[in-house]
Amino acid sequence: MNRPPLPRGTAYAVLAALAAVVIIVSTAIFLGVGGHDGQAVTSRHENHGSAAPAASGEWVGSWATSPAAAEPNTAKGFAGMSIRNVVHTSIGGTGARIQLSNLYGTLPLAVTHASLGVAAAPGSPAAAPGSMQRLTFGGQPTATVPAGGSLLSDPVRMAVPAASDLLVTTYSPTPSGPVTYHPHARQISFIARGDHTEDPLGTPYTTKTPYWRYLTAVDVWTQEAHGAVVALGDSITDGVTSTVGANRRWPDYLAARLRTEPGAPRYGVLNEGISGNRILLSNSASPMPNNPSGLSRFDRDVLGRTGARVVVMALGINDILRKPQVEDPQQIVNGLRAMVQRAHARGLRVVGSTLMPFGGHKGAVDRQEITRQGVNQIIRAGGVFDAVVDFDRTLRDPQNPEQLLPAYDSGDHLHPSDAGYEAMARTIDLETLKGQAAAAL
């Protein structure tokens, strides 16, 4: 007998409950194996999953974002506040670890309490029963992230479902700023006054925020995937016009294809888009440039990501649109080639996109269209990337190819709608994500 599908919220609750059961069982197994020096861990204050998971697998990035800027008006940070970041996984696993960044901070960031849990429902600050895990750093519950630096947590053993929301919470008792953040999360996170790091109900988290703070990566220990795709781009990759909380950026749609389509490579998908990002120039700011250029952040945001195998590169539009504007297509292509060379030196394959149309966007002029067409002509001719995905051809209006197709236009004539983002993900030939980097281009 056919049964009607469960409502989305009910299905998510069932998934979260099953995850909680797996967490309890796997933790019990871990305890049975023993903790320090073969002795069972019994203290409730000790991180039961602080050792790397024993089962076969590998560390792969499931979620990531770029530290994009110093948050305005945060010279003292968020002292005495709990920050609960909500992030969406691309792949699942049996263990997890996080990365915190203090890239834009001028003072050390003291983290005295941190936790990781599975959200009870999409976008909820509450954790699924039994899923909340205390995080440690070098075996200690407290850590200091140096100014300009980053820190990786110890692994915790827990069931991380694919395509689920995680809650990553940090608490700092002392002033430290400016805050390193990602301003266009398209996801609601939460703040609470006081230390409520391991609060499973989420009741104290009454302040909503559209930003991700300090958190820049979640890796999982997995047998489901064998590497990650890194999406390097600007606001179009960042998904600034996608529906908030719905995970409808084009990398999200790509992640869904990689999870479900027969024959697809099983990769995590890491979104390293920054709104306004350029290939050649960073923003000017102190103590270091906000919105770092693709060239300046490539090693950190692409090569530094766990399990990175393939890069999908979609950059160049802001080099044309933003002052000082680049008019020579070859300058833009040279910047793209420089990043491809760095990727190849590390064995990463690079799939590059054509630049999508922006006719009708505020401030766009005819000479910029000439530059865009020049860049696309060079890209289509080959010799820049290992493979090309033609986002321009997919999203342009056949009757007016200098503009987006209305069905794919968010309304500003630059950024796609949800349907446009989905079309971008469908355009990527999954076979081009396989294989090795070209020996030479």
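These legends go with a set of close-up views of one predicted model.

**View 1. The largest pocket has a volume of about 440 Å³.** Start with the open space here: 32 residues line this pocket. If you want to find its middle, look for His88, Thr89, Asn247, Arg249 and Asp252, which lie nearest the centre. Several elements chip in with at least two lining residues each, namely α1 (8-33), β1 (58-64), β3, α3 and β18 (268-273). Which element gives the most to this lining? That would be α3, with five residues. Sorted by class, the lining has 14 nonpolar, twelve polar and six charged residues.

**View 2. The second largest pocket holds about 180 Å³.** Its lining is made of 15 residues, and Gln99, Ser150, Thr216, Arg300 and Arg305 are the ones closest to the centre. Strands β4, β9 and β16 (215-222) each hand over at least two lining residues. The largest share comes from β16, which supplies three. Here the class count reads four nonpolar, eight polar and three charged.

**View 3. The largest cavity encloses about 70 Å³ of space.** Rolling a probe the size of a water molecule over the atoms shows where empty space is left. How many cavities of 30 Å³ or more turn up in this model? The count is two, and this view shows the largest one. Its lining includes Asp234 and Ile236, the run Ala314, Leu315, Gly316 and Ile317, another run made of Ser353, Thr354, Leu355 and Met356, and finally Phe391. By class, that makes seven nonpolar, three polar and one charged residues.

**View 4. The second largest cavity has a volume of about 60 Å³.** Around this cavity you'll find Phe78, Met81, Ile83, Leu109, Val111, Thr170, Tyr171, Ser172, Ser176 and Tyr214. The elements giving two or more residues to the lining are β3 (81-88), β5 (109-111) and β11 (165-172). Of these, β11 gives the most, with three residues. Seven of the lining residues are nonpolar and three are polar, while none is charged.

**View 5. Strands β2, β12 and β15 form an open sheet.** Strands of a sheet pair through backbone hydrogen bonds, either parallel or antiparallel. In this sheet the order is β2-β12-β15 and the pairing is antiparallel. Why is one side of β2 (69-70) and of β15 (212-213) left without a neighbour in the sheet? Both stand at the edges and each has a single partner strand, so there is no neighbour on one side. Strand β2 pairs with β12 (residues 180-182) over two bridges. To spot one of the partners, match Ala70 with Thr180 in β12.

**View 6. Tyr181 and Tyr211 make an aromatic pair.** The structure holds four aromatic pairs. In this one, the ring centres are 5.0 Å apart and the planes sit at 85°, so the pair counts as edge-to-face. Tyr181 belongs to strand β12 and Tyr211 to the loop between β14 (207-209) and β15, so the pair ties together parts that are 30 residues apart in sequence. Are these two tyrosines buried or exposed? Tyr181 is buried, with a relative accessible area of 10%, whereas Tyr211 is partly exposed at 26%.

**View 7. Strand β10 (residues 156-160) is mostly covered.** Five of its five residues are buried. That goes for both faces: Val156, Met158 and Val160 are on one side, with Arg157 and Ala159 on the other. Strand β4 (residues 93-101) runs antiparallel to β10, and three bridges join the two. Look for Ala96, which stands opposite Val156.

**View 8. Asp154 sits in the loop between β9 (150-152) and β10.** With 13% relative accessibility, Asp154 counts as buried. Its side chain makes a polar contact with the side chain of Thr136 at 2.6 Å. Those two residues are 18 apart along the chain, and their C-alpha atoms are separated by 5.6 Å. The side chain of Asp154 also reaches the backbone nitrogen of Phe137, at 3.4 Å.

**View 9. Thr260 is part of helix α3 (residues 250-260).** A polar atom of the Thr260 side chain lies 2.7 Å from the backbone oxygen of Ala256. Thr260 has 58% relative accessibility, so this residue counts as exposed.

How values were computed. Residues are numbered from 1 along each chain as its sequence is written. This is a predicted model: local features need pLDDT of at least 70, side-chain atom pairs count only at pLDDT 80 or more; totals for chains, interfaces and linings use all residues. Side-chain values use heavy atoms; hydrogens and water are left out. On a 1 Å grid over the protein atoms alone, a cavity is a set of points where a 1.4 Å probe fits but cannot get out, and a pocket is an open set with protein on both sides within 12 Å along at least five of seven lines; lining residues have an atom within 4 Å of a point. Grid points are joined across faces, edges and corners, and a volume is the space filled by probe spheres set on the points. Ala, Val, Leu, Ile, Met, Phe, Trp, Tyr, Cys and Pro count as nonpolar, Asp, Glu, Lys and Arg as charged, and the others, Gly among them, as polar. Helices (H or I, at least four residues) and strands (E, at least two) are DSSP runs, numbered from the N terminus. Buried means under 20% relative accessible area, exposed over 50%, partly exposed in between (1.4 Å probe, protein chains only). A polar contact is a pair of N or O atoms within 3.5 Å; within protein, one must be able to donate a hydrogen and the other to accept it, and residues adjacent in sequence count only if both atoms are side-chain atoms. Two strands pair if DSSP finds at least two bridges between them. Rings of Phe, Tyr and Trp (its six-membered ring) pair if their centres lie within 6.5 Å; planes under 30 degrees apart count as stacked, over 60 as edge-to-face and the rest as tilted.
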